[in-house]
Amino acid sequence: MSEYILCFALFCIGLYCVLRKRNIIKIIIGLGIIEYAVNLFFVLIGYRTHSRAPILAKGQSILNMVDPLPQALVLTSIVIGLAVTALIVAIAIRIYEKYGTFDITKIRRLKG
Amino acid sequence: MNNRTLEQKNPKGMTLIVKTITRLTVGLILLYGIYIVLHGHISPGGGFAGGVIIALCFIHLMLAFGREVALKKISQGVVSVLESFGAIMFLSIALLGFWGGYFFFNFFLHKGKPFELFSAGIIPLCNIAICLKVGAGLFAIFTVLVLFKGLGEKG
Amino acid sequence: MELQILLLFMIFAAIVAVQIEDLLSSVIAVGALGLGLSLAFLILKAPDLAITQLVVEILCLIILIRATINKDLPVIRDGRWFFNTASTLLFIILFLIFAYFALQELPRFGQPIMRVAQNYINQGLEKTGATNIVAAIILDFRGYDTLGEATVLFTAVMGVLAVMRRVGRKKSSSMV
């Protein structure tokens, strides 16, 4: 159970970073931490003690494998996370070029 | 001699040490990426990891030698064509499954012996398609994002 | 036991990344966090994920360093201390309450419920011929997911190109 609790703690740190910080780069970092925590949680759920990786070996039948389904879901999620991070960084660079700052409270013109 | 002419030809980029090491290692990185992709169905790896490794190979070249050399090897138009080709290849493999009854049908009748390179039906083909898609997409993102100042009016 | 130590290291790296003021140091701490996550995947018997996470983390670091380097940024203080902290604490407490109720319904660590996955493991080799079960799942049993992922990746690439391009920018910026 302690693994789950540590994973929740990692999620909470990311949530704190997103909600509390005013720097756009810090917010991107917080989103990345949240993404890592969620990926880790998926893999933690599928883990089985004293087991083998989900890859068959030649000449022997493996009965105790970890759950391969969360791994397959997370594998696509990691690459999507990279692309989404790149998209947010692109928007942040645009904002810096237009307003000269990374501070979200200084960007007045976004407020309607 | 060859190095010096290359150095004079491309004053941009990093120092000579970095360029020499890059010239030695970049082929090995590309080969490793291709190995990861082709053996994706019998060992750890697959299209996603291999695609990112191949993109990193060209990014390595671009960081060391400057923008022009890397874009001469693989230009922006080629990158967009490769990405579209990966997407269309993946979709057409999926659609060809209707020949056997349903979407993503594994339409090879003889799937080959397990633990060999040519086995598992459509899975290596799908790996190659995903590798093209992921590698070209990430390389395009990097080109636009990191070398943004040098982008100019070309768009 | 080594998993807990690795998770504590990751939490430490995350706290450093959040709290340090220099942005470049913060990005480097995120790199440490991602590499620790790659090791954790390796301990959790997921070698595919470990390779992918390792490679993706390197590219992510390069992109984030691009965003932070060569900019003389002033240190941004966090204003409105009481209101921001109170709302943040409210959300975190709300999350922890739901997490507490969810934790009792979760399977115990190390004993997963493998109703669907056991089927995949048993029939994976004869139905697809691939010995890597994860590849068999993402490209054969659940090909729809991968197709959707490819679409999302394509959309993200198009988004980056649309945000960063130069064509037609003068007109729009003069209009705003």
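Select residues 24–45 of chain A, which form helix H2(A) in this predicted model. This helix has 22 residues and reaches 32 Å from its first C-alpha to its last, close to the 32 Å expected at 1.5 Å a residue. With the surface of the protein displayed, one finds that H2(A) is mostly covered, since 17 of its 22 residues are buried. Next, show the side chain of Asn23(A), which caps the N-terminal end of H2(A). A side-chain oxygen of Asn23(A) lies 3.2 Å from the backbone nitrogen of Ile25(A).

Now select Arg20(A), which is placed in helix H1 of chain A, residues 2–20. Is Arg20(A) buried or exposed? Its relative accessibility is 4%, and because buried means under 20%, Arg20(A) counts as buried. Add Thr85(C) to the selection: the side chains of Arg20(A) and Thr85(C) make a polar contact at 3.2 Å.

That pair leads to the contact between chain C and chain A. Display both chains and colour the residues that take part: 92 residues come from chain C and 72 residues from chain A. The size of an interface is often given as the accessible area lost when the parts come together. Here chain C and chain A bury about 7,800 Å² between them, and 77% of that area is on carbon and sulfur atoms. How many salt bridges are counted between chain C and chain A? The count is zero. Polar contacts do occur, however: twelve residue pairs across the interface of chain C and chain A are found in polar contact, with both residues at pLDDT 80 or more.

To see which parts of chain C are involved, select its helices in turn. Among those that each supply at least two residues to the side touching chain A are H1 (2–19), H2 (23–43), H3 (47–68) and H4 (81–105) of chain C. Helices H5 (115–128), H6 (133–141), H7 (143–164) and H8 (169–175) of chain C do so as well. H3(C) gives the most to this side, with 14 residues. Colouring the side of chain C that touches chain A by residue class shows 59 nonpolar, 18 polar and 15 charged residues.

Finally, move to chain B and select residues 47–65, helix H3(B). This helix has 19 residues and reaches 27 Å from its first C-alpha to its last, close to the 27 Å expected at 1.5 Å a residue. H3(B) is mostly covered, with 17 of its 19 residues buried. Extend the selection to Gly66(B), which follows H3(B) and has a positive phi, near 90°.

Technical notes:
Residues numbered from 1 in each chain as written. Chains lettered and ligands numbered in written order. Predicted model: local features only at pLDDT ≥ 70, side-chain atom pairs only at ≥ 80, totals over all residues. Heavy atoms only, no water. Contact = heavy atoms within 4.5 Å. Buried area = accessible area lost by both parts, 1.4 Å probe. Salt bridge = Lys/Arg side-chain N within 4 Å of Asp/Glu carboxyl O. Polar contact = N/O pair within 3.5 Å; in protein donor to acceptor, adjacent residues only side chain to side chain. Helix = DSSP H or I, 4+ residues; strand = E, 2+ residues; numbered from the N terminus. Nonpolar A, V, L, I, M, F, W, Y, C, P; charged D, E, K, R; others polar. Expected span 1.5 Å × (residues − 1). Buried < 20%, exposed > 50% of the residue type's maximum accessible area, 1.4 Å probe, protein only.
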